[in-house]
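Some terms used for a structure deserve a check against their cut-offs. Here are a few such checks.

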Amino acid sequence: MATSPKSGCEEFPVLTLAFRGDHAIVHLMSDPERTFLLVGDGTVPSGAEVEAPIGDDLAVFTGVV
């Protein structure tokens with residue numbers, strides 16, 4: 001079966017999950033230009049920081065809502 005190449009927008013939306021220890025980070029990318037970060041439920045203290053893998057890099061996230 002032949003398939004046609006996808007245009008950039010057909011690859012979206014994308015939901016990504018990153019885990020580090022007891023922490024999880026959830027991103028929703030609705031298109032190539034917009035990314036949304038799921039707000040936490042307040043169980044992580046605001047001063048807490050965690051480095052989590054995002055793509056090929058580590059990004060720092062805090063418990064700040």
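Q: What makes His-27, in strand S2 (residues 23–31), count as buried?
A: Its relative accessibility is 11%. Buried means under 20% relative accessible area, exposed over 50%, and partly exposed in between (1.4 Å probe, protein chains only). His-27 is therefore buried. Strands here are DSSP runs of E, at least two residues, numbered from the N terminus. The model is predicted: local features need pLDDT of at least 70, side-chain atom pairs pLDDT 80 or more, while totals for chains, interfaces and linings use all residues. Numbering starts from 1 along each chain as its sequence is written, and side-chain values use heavy atoms, without hydrogens or water.

Q: Which residues is His-27 in contact with, leaving aside neighbours within four places in sequence?
A: Val-14, Leu-15, Thr-16, Thr-35, Phe-36, Leu-37, Ile-54 and Phe-61. Contact means heavy atoms within 4.5 Å.

Q: Why is Leu-15 called exposed?
A: Its relative accessible area is 58%. The cut-off is over 50%, so Leu-15 is exposed. Leu-15 sits in strand S1.

Q: Which residues make up the largest nonpolar core?
A: Five: Ala-18, Ile-25, Val-50, Ala-52 and Phe-61. A nonpolar core is a set of buried Ala, Val, Leu, Ile, Met, Phe, Trp, Tyr and Cys residues joined through side-chain atoms within 4.5 Å. Beyond four places in sequence, Ile-25 has contacts including Ala-18, Val-50, Ala-52 and Phe-61.

Q: Which residues does a cis peptide bond join?
A: Phe-12 and Pro-13, with omega about 5°. Pro-13 lies in the segment before S1.

Methods
Helices (H or I, at least four residues) and strands (E, at least two) are DSSP runs, numbered from the N terminus.
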